[in-house]
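Here is a short tour of one helix and the nonpolar cores around it. Have the viewer open as you read.

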Amino acid sequence: MSHLTPPQQHFALTLLTNEEPVSYAEAARDPRWHAAMNEEFSALQANDTWDITDLPGGVKPIGSKWVYKIKYKSDGALERFKARVVAKGYTQIYGIDYCDTYSLVAKITLVKMLLDVASAQKWHLHQMDVNNAFLNGELDEVVYMELPYGLRDLLEYKGKVCRLKKSLYGMKQASRMWYAKLTESLLSNGFKQSLADYSIFLSTVQGHLVVLIVYVDDIVVGSASLDAVKEVKRMLMSLFKMKDLGELQYFLGMEVSRTDKGIHVCQRKYCIELLKEAGFDECKPAKTPSSVKQVLSA
């Protein structure tokens, strides 16, 4: 890794020394992942996500699984270990377990446009992360799910299932229900939804225009007024459990930094992650890249 800069070396080393478990049995042996799973269970319980009950006759529950992800900061530093209960949406039956599946995500061109405007007009850009965003969506359908590992082995829950009251990650309708909940909340708090892109919301706060862009559970708030940005963040945190990530630094694979000359964007972290996933994190740069992997390593 001698050809990498110190921050790149730090991030690559972090990726190599922290592995994500591939099974519940593997994760359960590690105290860090065990704590992450307990945190997820606590969040699900606090959110009133399901009722544990008997499975009605003639009904087949959908499956469940654990997904493990190590979260990193934009500089490559370790942020946290994230464990998430995910529904096996591929086992859902259309018309019974779900109907519509549409969702809204911000177009990358409009994100770049916001960065351009923010750079030219000296806007403040802050980022919020919604904790367990999909758990906020309330289900219209009656859905039963197998208990996740960690619960299904307990004697008191033997033979039981979850009757879902809120959507879960992995469910085909999860993103639709989350956006419905978020849109309803924003509109009732004075925001208007853009007709050009439904993932963009606009409002006037303290006499200043505020632009809000949503991409799944990431929300970017932009305005010429820092006080207006702070007021919108307080409003969001009163509606949902969120993390205030401060000034925008990393969004959609782009590292964002500000200088006196404007906003600088690069994809170093994203490229390093791609290289590791493809097994090319030890590649050496080439002066004249002739393939995709050489372009990334360069």
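## Helix H3 and its length

With 16 residues at 1.5 Å each, H3 should span 22 Å, and its end C-alpha atoms do lie 22 Å apart, so the two agree. The expected span is 1.5 Å times one less than the number of residues; helices (H or I, at least four residues) and strands (E, at least two) are DSSP runs numbered from the N terminus.

This is a predicted model, where local features need pLDDT of at least 70 and side-chain atom pairs count only at pLDDT 80 or more, while totals for chains, interfaces and linings use all residues. Residues are numbered from 1 along each chain as its sequence is written, and side-chain values use heavy atoms, without hydrogens and water.

## Two faces

Buried residues of H3 (under 20% relative accessible area, 1.4 Å probe, protein chains only; exposed is over 50%, partly exposed in between) include Trp33, Met37, Phe41 and Leu44. Seen down the axis, the buried residues fall within an arc of 160° and so line one face of the helix; the arc is taken from the directions from the axis to the C-beta atoms.

Pro31, Glu39, Gln45 and Ala46 are exposed on the face turned away from that buried side.

## The cores

The largest nonpolar core (buried Ala, Val, Leu, Ile, Met, Phe, Trp, Tyr and Cys joined through side-chain atoms within 4.5 Å) has 26 residues, and Trp50 and Met145 are among those with the most contacts inside it. H3 gives this core its largest share, five residues. A separate second core has 24 residues, including Tyr169 and Val214.
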